[in-house]
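Here are some exercises to work through with the model open beside you. Try each task before reading its solution.

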Amino acid sequence: MTEALLNVVGVSRSFSAGEDELTVLKEINLQINRGEMVAIIGASGSGKSTLMNILGCLDKPNKGHYFINGQDTSAMDENELAALRREYFGFIFQRYHLLGDLTALGNVEVPALYANEGPNERQKKAKQLLTRLGLSDRLEHKPNQLSGGQQQRVSVARALINGGDVILADEPTGALDSSSGEEMMKLLRELHRDGHTIILVTHDPHIAEFADRVIEIKDGEIIGDTLNTKINDDQSSDSAAEDASLSAIELDDHKPQADQQTIKPPAVKHRRLARTLNWSRYLEALKMALVGMTNNRLRTFLTMLGIIIGIASVVSVVALGAGSQQSIMDNIASMGTNTIEIKPGTGRGDRRSGRIRTLTAADANALKSLSFVDSVTPTVRANVAIRYSSETVSGSVQGVGTDYFRVRGYSLAQGQFFAEDSVVAMEQVAVIDENTEQALFSEGDALGSVIFLGHLPVRVIGVTQPIESVSSNSDELNVWLPYTTVSGRIFRQNYVDDITVRVDENVESELAEQGIISLLTMRHDTVDFFTINTDTIRKSIEKTSDTMTMLISAIAFISLLVGGIGVMNIMLVSVTERTREIGIRIAVGARQTDIMWQFLIEAVLVCFCGGALGIGLAYLVGIIFSYSGSDFQMIYSGTSIVAAFTCSTLIGILFGYLPARNAARLNPIEALSRD
Ligand code: ADP
Ligand code: MG
């Protein structure tokens, strides 16, 4: 005789109950052949379920061996056992154990999903099975919308979807009324006739009568093993019509045939599956995570809250820092880019500086000859009224060099700037800004008009475009004319108020400053001037505001960490809460990695969505901020947003790992007995 399909040899199973050991199965020996229908009967607590769990590879014996088709299961690892559960066994439980979040169809598909079946194919199969089990109008119903009998039929379909060569039914009628129970038993008999090996556990002798062979168990020992002769074909003949339809349930490739060895060596098959990488499982885990999240919206939101606040604060702080820095930079830029100002005196606020008259246009010319100098302009300021016909306004009148406009970054709206010739000839020409034009001329006839600066008549030859600068007073009126004209024709003096030097782009401004200082010191024989280097100011501001941003970001990052710990906490609770679901998934053949991924994906998804909402919140803060009347805007950098997203995702992985690992390591039997 060939070897039995399932062969239990000297199997014992004991549980530790406090100090003592409770031996539930005692040296069991049992052979079950392919195609048999066996009932295991015994009183409650006699060890039936424990035996069933060992038969279904959900549990391992402490002692003895369990061979499936000649293969010793004790030599198999977790993945190989999962593959066996997935591909050869189909479980039917007393309390159905369907996943509450999924529809009937979704529940039936689960084992096929773990067997790497494509989405269309597994849906087609599930539909077929449910239709043939009379549930075609209940496909989209959730378990709590189904009667007990219907739920049990869904679980039968689930047991069959991967073939279900061996059906293990633990008290399948225990929760059903007698008529549904009888129907269930007829269904199992039909499956038996189709070639499935059926093992059912019951405490009810009437139910056991449906089986061909009845094994009696008492206190963990087999006390009887009899063939049931009472079965007559009449019992099932009344369902002959149904029978025909049921045999059609079997999808050809899965139809078990009693005369043929359908169970292949599991190790070989497992290795083949391991090579088929299938994203469908991860996609499904993602879908499940989304379903779980939407079913618990408030909790999901509260879980995310820490991440949302953390990300929002990181992004807004960085944006705020960038915005304020930018506004300071704009101020400095309005002083000219890479410029050095030279003023008389010993420093800002030196009262005697007005009396120092050693800074001259000649100094400016001398500076121009330095190799690193791009352009130089002296400035002479005059405090005079600006008049045109009957209009008199006050504004800033400055005598400047031709380079001035380049140094300060002005461009023309109309007309032209004055040239070197005009400077040499002390010409009475002026360039005005748009404010002055609007103040004095109503019809845009500024060009060519003559205005009076004090008593000096000058002709307007150019109008500048307004420059984007936050600092420069936008109401200020500016009139520029050659510095020679101001010092020669208004003041009759030969010194200037200050000199502005623009340094070449690629020159280190500190070095340039040193060069300028030593040249002027040589010319004046003394240091009666001081320099203001905009580049140095810019750098120091950049540095302080960077430090501030880093500091506040560090605090925000800590809040993000706290948020992550919150996520971990809730995920751990969620694992405990969903223990039963995990048990079911493991029973229908999920690998440990499948469970792990499901929870990890959920944690990452929560953090990712939290990150997205946090960034949204940060933008909202920016909008509110811009209406708050602040003089600068928040600037959002792509880098900080990408960093925030990466950070929240990493937190999901980091803090999701522990709960996910806990879930994957759950003992399926304990998990299933939980409610
Ligand atoms: P049956 O299904 O025949 O009613 P079980 O196989 O479920 O019985 O349980 C047999 C005995 O083993 C019971 O006394 C039960 O308390 C004990 N038992 C079952 N599972 C465990 C476990 N995980 N830990 C401790 N004791 C257990
Ligand atoms: Mg039991």
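**Exercise 1. The six-stranded sheet**

In which order do the six strands of the open sheet lie, and what is the sense of their pairing?

Solution. This is a predicted model, so treat what follows as a reading of a prediction.

Step 1: Trace the strands across the sheet. The order is β6-β7-β8-β3-β9-β10, and the pairing is mixed.

Step 2: Look for the edges. These are β6 and β10 (221-227), each of which pairs on one side only.

Step 3: Follow the twist, which averages 15° from one strand to the next.

Step 4: Zoom in on one pair. Strands β3 (residues 37-41) and β9 (residues 213-218) run parallel and are joined by four bridges. Within this pair, Ile40 has Ile215 in β9 as its bridge partner.

Step 5: Add the helix. α1 packs on this sheet, where it touches β3, β6, β7, β8 (197-202) and β9. The direction of α1 makes about 155° with that of β8.

**Exercise 2. The four-stranded sheet**

Work out how the open sheet of four strands is arranged, and why one side of β2 and of β5 is left without a neighbour.

Solution.

Step 1: Read off the order, β2-β1-β4-β5, with antiparallel pairing.

Step 2: Turn to the edges. β2 (20-32) and β5 (71-72) each have a single partner strand, so one side of each has no neighbour in the sheet.

Step 3: Examine the pair β1 and β2. Nine bridges hold these strands in the antiparallel sense. Ala17 stands opposite Asp20 in β2, while Ser14 has Thr23 in β2 as its bridge partner.

Step 4: Inspect the turn. β1 and β2 make a hairpin with two residues between them, and Gly18 in that turn has a positive phi of about 65°.

Step 5: Find the helix against this sheet. α1 packs here too, touching β1, β2 and β4 (63-68). The direction of α1 makes about 60° with that of β2.

**Exercise 3. The second largest pocket**

Describe the second largest pocket: its volume, its lining and the elements that supply it.

Solution.

Step 1: Start with the volume, which is about 610 Å³.

Step 2: Locate the centre. The lining has 26 residues, and the closest to the centre are Ser49, Asn53, Asp170, Ile669 and Ser673.

Step 3: Assign the lining to elements. At least two residues each come from β1 (6-17), α1 (48-55), β6 (89-92), β7 (166-170) and α23 (668-673). The largest share, five residues, belongs to α1.

Step 4: Sort the lining by class. There are eight nonpolar, 11 polar and seven charged residues.

**Exercise 4. A helix pair**

How do the axes of α20 and α21 cross, and which residues make the contact?

Solution.

Step 1: Recall the description. Two packed helices are characterised by the angle and the distance between their axes.

Step 2: Apply this here. The axes of α20 (residues 579-587) and α21 (residues 592-627) come within 10 Å and cross at roughly 140°. The crossing is right-handed.

Step 3: List the contact. α20 contributes Glu581, Ile582, Arg585 and Ile586, and α21 contributes Ile595, Gln598 and Phe599.

Step 4: Classify these residues: four are nonpolar, one is polar and two are charged.

Key:
Residues numbered from 1 in each chain as written. Chains lettered and ligands numbered in written order. Predicted model: local features only at pLDDT ≥ 70, side-chain atom pairs only at ≥ 80, totals over all residues. Heavy atoms only, no water. 1 Å grid on protein atoms, 1.4 Å probe; cavity = no way out; pocket = protein on both sides within 12 Å on 5 of 7 lines; lining within 4 Å. Points joined across faces, edges and corners; volume = space filled by probe spheres on them. Nonpolar A, V, L, I, M, F, W, Y, C, P; charged D, E, K, R; others polar. Pairing = 2+ DSSP bridges. Contact = heavy atoms within 4.5 Å. Axes fitted to C-alpha atoms, helices over the stretch in contact; angles between N-to-C directions. Left-handed = near helix turned anticlockwise from the far one by under 90°.
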